[in-house]
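Reader: Hello! I am new to this structure and would love a close look at one part of it. Could you walk me through it step by step?

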Amino acid sequence: MIIRKALAAMAAAGLLSAALVACGDDGDDGGTTNAAGLTGAPITVQVFTSLNSVTPHTESYEGAQAAAAAVNASGGINGRPLEVEVCDAGETDTPAKAIACARDLVADRDVIAEVGDFQAFQEQTNTILNEAGVPNIGPPPQSQSVLNSPNSFPLSGSEGAAIATVLADAGATDIQVAYTNVAQAAAAVQFNTAALQKGRGLTIKGGIPIDVTATDLTPAVTRGADGDAVALAMMPTHFAAWLTTTQAGDYDQKLAASSSVLRPETLEALGDKADGVLVASGLPLVASDQEGIVRYRDEMARYQPGKKLDQVGLQGWLGTWAFAQVARTIDGDITRESVLAAFGNLTDFNVFGLLPEGFNTTRPFTDLPRMPRLFNSQIIEGIVKDGKVEQTSDGYIPIFTRP
C-alpha cells in the first residue's frame, strides 16, 4: 500500500533536476550547422527548456545541437539534414510558456518530435504532445504522463527515485529525505520510500521540508542528524547551504543528491565542501571513460566548444542521437506516426553503450504499478571528489530489485 500511494504522487516527482533548476539559453531559436552536402527538407526536432531564467541552464539544447551536427556530418538521416529548434518553456512559477511550447509544436507539422526535454512542467506538456501523437524522445522519467503515455520514450534511469538507494548501498540504514518544499520535490519522500522498500528492504525515516526562501538551514540539518544519512532532494542553493552548515558544525551523516542538481558551477563554488557526497545518476557520468561519454565529450568539443559538460547536456545529446539512429531505420516517410511506431518496437536498443544491456520498449515495466514506461529501471552511482563527480559503480545498478 505504501508503494502504491507513493507512485500515485509521481505526477509531482519531477524532483529538482527540471522542477527546481531553471534552464536557459541566449535566445537563439534553433538551427544546426554542418549540414553541407545533404539534400532534401530538414527533419526537425525541438527541445523544451527555459531560456533567460534566473539560473540559465542551456546544456540540453547545446547537447542536442552537438548531436545533430555530428549526425549531419555522418550523412544526416538518409541524406536529409537534422535540425534542432528550441522553445522557451519559461520560469518555474507558471506553466503558461511550457504549455504554449507544446501547443505550438503540435500545430507545426514540420516538427517531428521533442527531444531532450528539461523543464518544470513535463506533466502538462507531455499530456498535450501525447494527445496529438507527437513523440517525446529521452525525457527524464519524472511524471505520470511520461511514465504512462505511449508517445514517451525515456532513456535514463530514475535518479530521483534512487537518492536514498545510493545511501543504502553505502551502508546507511536510518535515512531521511530533505527537500525544498514545493510539490515536485516533496514527492521525493514517497518516491524514495517506494524504491527503497522494494529494492533494498528499508524504509525512509521521514521527510525534512525546507521553505523555498530559507537561507539558514541549521534547523533542517539538525533534524537530519537524527539519522545516519540524508537524501538531498533540493535546489542547488539549498544544497550549497546544507553543505555549508554541515561543515560549520559537528555532523557526520552520509549525504546523497541527484546528478542533475550537481551543476559544475555549484560544485566549483563549494570547493571541498561537497567532497564525499554520494550521487545517483540516470545515465553514466560525464567524467567517466565509457564509450558513449567519450563520444559526447568529443562531439561537444568539436561542435559546441567551450560549453558546459554535465548530465543535462548528456540527456539532450543522447535523445537527439537516439532519434537519429531510429529515424535512419525507417523505410518510407519520416513522420510523427512512423517515428512513434519505430520507437515502440525497439528491442536490445542502445546508443553508444549508454543504455543498460537489453534496453527494450516493447516490454512494459511491471515491478511497480503505474510506471510501465520506465524502460531503464537502473542507475549509475558516483561520489563527489575534489569538486568533481566521479563514477563509482562499474555500470548500472538496479533500483527496484536487490543487486
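Which side chain does the side chain of Ser259 join in a polar contact? And please take me on from there to the open sheet of five strands.

Author: Happy to! One thing to keep in mind is that this is a predicted model. The side chain of Ser259 makes a polar contact of 3.0 Å with the side chain of Glu159.

Let us stay with Ser259 for a moment. Along the chain, Ser259 sits in the loop between strand β9 (254-258) and helix α10 (264-270). Its relative accessibility is 6%, and because buried means under 20%, Ser259 counts as buried. Setting aside neighbours within four places in sequence, the residues in contact with Ser259 are Glu159, Val279, Ala280, Ser281, Gly282, Leu285 and Gln311. Another residue to find on your screen is Ile380: its C-alpha atom is 9.5 Å from that of Ser259, although 121 residues separate the two along the chain.

For the wider setting, the chain holds 13 helices and 13 strands. Of its 403 residues, 59% count as buried. Among contacts between residues at least 6 apart in sequence, 74% link residues at least 24 apart.

Now for the sheet. This open sheet has five strands in the order β2-β1-β3-β4-β5, and the pairing is parallel. Its edges are β2 (82-88) and β5 (152-153), each of which pairs on one side only. As general background, strands of a sheet pair through backbone hydrogen bonds, either parallel or antiparallel.

Start at the β2 edge. Strand β1 (residues 43-49) pairs with β2 in the parallel sense, over seven bridges. To find your place there, look for Thr49, which stands opposite Asp88 in β2. Helix α3 (residues 96-107) packs on the sheet and touches β1, β2 and β3 (111-115), with its direction at about 170° to that of β1. Helix α2 (residues 59-73) lies across β1 and β2, and runs at about 170° to β2.

Step across to β3. Three bridges join β1 to β3, and these strands run parallel. Here Thr44 has Val111 in β3 as its bridge partner. Strand β3 is mostly covered, with five of its five residues buried.

On the next step, β3 and β4 run parallel and are joined by two bridges. Glu114 has Asn136 in β4 as its bridge partner. The chain passes from β3 through α4 to β4, making a right-handed β-α-β crossover.

That brings us to helix α4 (residues 122-131), whose buried residues are Gln122, Thr125, Asn126, Ile128 and Leu129. They lie on the same side of α4, because they cover an arc of only 155° around the axis. In general, an α-helix has 3.6 residues a turn, so residues three or four places apart point the same way. The buried residues of α4 pack against β1, α3, β3, β4 (136-137), α5 (144-148) and β5. After α4 comes Gly133, with a positive phi near 70°.

Notes. Residues are numbered from 1 along each chain as its sequence is written. This is a predicted model: local features need pLDDT of at least 70, side-chain atom pairs count only at pLDDT 80 or more; totals for chains, interfaces and linings use all residues. Side-chain values use heavy atoms; hydrogens and water are left out. Two strands pair if DSSP finds at least two bridges between them. Helices (H or I, at least four residues) and strands (E, at least two) are DSSP runs, numbered from the N terminus. Contact means heavy atoms within 4.5 Å. Axes are lines fitted to C-alpha atoms, for helices over the stretch in contact, and angles run from 0 to 180 degrees between N-to-C directions. Buried means under 20% relative accessible area, exposed over 50%, partly exposed in between (1.4 Å probe, protein chains only). The arc is that of the directions from the helix axis to the C-beta atoms. A crossover is right-handed if, with the strands pointing away from the viewer, the path from the first strand over the helix to the second runs clockwise. A polar contact is a pair of N or O atoms within 3.5 Å; within protein, one must be able to donate a hydrogen and the other to accept it, and residues adjacent in sequence count only if both atoms are side-chain atoms.
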